[in-house]
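User: I have a sequence and a model open side by side. Please show me how to read the features one at a time.

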Amino acid sequence: MAGSGFTSPPIWQFAKRGGLILAGERSFKGETFFELRWWADGGNTPTGKGVTFPPDAVAGLAEALAAYAESRETGAV
């Protein structure tokens with residue numbers, strides 16, 4: 001991941017298909033964003049399979065994911 005643009009190490013990763021799904025803050029051409037993306041080749045090559053959004057939106061996503069996880073635990077999905 002050298003030169004990957006991450007502003008700090010990814011905060012989450014999940015192994016998938018010989019690569020990694022990584023979540024973290026990156027910057028590119030002076031813009032900072034939060035990204036959830038599949039990186040191929042053992043996590044070394046970014047792919048087009050991902051999504052980016054403003055860092056300010058992370059808290060709302062975290063709340064939605066926590067609510068989803070809780071509903072899965074209680075069987076309310």
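**Reading the fold**

Analyst: Begin with the secondary structure: the protein has 1 helix and 4 strands. Keep in mind that this is a predicted model.

User: In what order do the elements of the protein run from the N terminus on?

Analyst: The order is β-β-β-β-α. For overall dimensions, the C-alpha atoms occupy a box of roughly 40 × 30 × 20 Å along the principal axes.

User: What share of the 77 residues in the protein is buried?

Analyst: Burial is judged by relative accessible area, with under 20% counting as buried. Here buried residues account for 26% of the 77 residues.

**The helix**

User: How does the reach of helix α1 relate to the span expected at 1.5 Å a residue?

Analyst: The general idea is to take the span from the first C-alpha to the last and set it against the expected value. Helix α1, residues 58–74, has 17 residues and reaches 24 Å, close to the 24 Å expected.

User: Which residue follows α1?

Analyst: Gly75 comes after α1, and its phi is positive, near 75 degrees.

**Positive phi outside glycine**

User: Which sign of phi do most residues other than glycine have?

Analyst: Most residues other than glycine have a negative phi. Positive values are therefore worth listing, given that general tendency. Arg17 has a phi near 50 degrees, a positive value in a residue other than glycine. Lys29 also has a positive phi, near 50 degrees.

User: Where are Arg17 and Lys29 found?

Analyst: Arg17 sits in the loop between β1 (12–16) and β2 (19–28). Lys29 belongs to the loop between β2 and β3.

User: Is Arg17 buried or exposed, and is Lys29 buried or exposed?

Analyst: The cut-off for exposed is over 50% relative accessible area. Arg17 counts as exposed because its relative accessibility is 68%. Lys29 counts as exposed because its relative accessibility is 75%.

**Salt bridges**

User: How many salt bridges does the count come to?

Analyst: A salt bridge here needs a side-chain nitrogen of Lys or Arg within 4 Å of a carboxyl oxygen of Asp or Glu. By this rule the count comes to 2. Glu35 forms a salt bridge with Arg26, with the closest N and O atoms 2.8 Å apart. Glu35 also meets Arg37 in a salt bridge, at 2.9 Å from N to O. Salt bridges that share partners thus place Arg26, Glu35 and Arg37 in one network.

User: Why does Glu35 count as buried, and why does Arg37 count as buried?

Analyst: Glu35 counts as buried because its relative accessibility is 2%. Arg37 counts as buried because its relative accessibility is 12%. Arg26 is buried, as is Glu35.

**Distance along the chain and in space**

User: How far apart are the C-alpha atoms of Thr47 and Arg37?

Analyst: Sequence separation and spatial separation are two readings, so take both from the model. Thr47 and Arg37 are 10 residues apart along the chain, and their C-alpha atoms are separated by 7.2 Å. Thr47 lies in strand β4, and at 19% relative accessibility Thr47 counts as buried.

User: How far apart in space are Ser8 and Ala64?

Analyst: Ser8 and Ala64 are 24 Å apart, C-alpha to C-alpha, with their positions 56 residues apart in sequence. Ser8 is in the segment before β1, and Ser8 counts as partly exposed because its relative accessibility is 40%.

**Pocket and surface patch**

User: Which residues line the largest pocket?

Analyst: The lining is made up of Ile11, Trp12, Ala23, Phe34, Leu36, Phe53, Val58, Leu61, Ala62 and Leu65. The space in the largest pocket is about 190 Å³. Both β3 (31–40) and α1 supply at least two lining residues, and α1 gives the largest share, 4 residues.

User: Which residues form a nonpolar patch on the surface?

Analyst: The patch consists of Ile11, Trp12, Phe14, Leu36 and Val51, with about 490 Å² of accessible area together. Of these, Val51 is found in strand β4, residues 45–53. Val51 is partly exposed, because its relative accessible area is 40%.

Terms used. Residues are numbered from 1 along each chain as its sequence is written. This is a predicted model: local features need pLDDT of at least 70, side-chain atom pairs count only at pLDDT 80 or more; totals for chains, interfaces and linings use all residues. Side-chain values use heavy atoms; hydrogens and water are left out. The expected span of a helix is 1.5 Å times one less than its number of residues. Patches are made of residues with over 30% relative accessible area and no salt bridge: like charges are joined within 9 Å, nonpolar side chains (Val, Leu, Ile, Met, Phe, Trp, Tyr) within 5 Å. Accessible areas come from the Shrake-Rupley method with a 1.4 Å probe; for residues, only the protein chains shown count as cover. Buried means under 20% relative accessible area, exposed over 50%, partly exposed in between (1.4 Å probe, protein chains only). On a 1 Å grid over the protein atoms alone, a cavity is a set of points where a 1.4 Å probe fits but cannot get out, and a pocket is an open set with protein on both sides within 12 Å along at least five of seven lines; lining residues have an atom within 4 Å of a point. Grid points are joined across faces, edges and corners, and a volume is the space filled by probe spheres set on the points.
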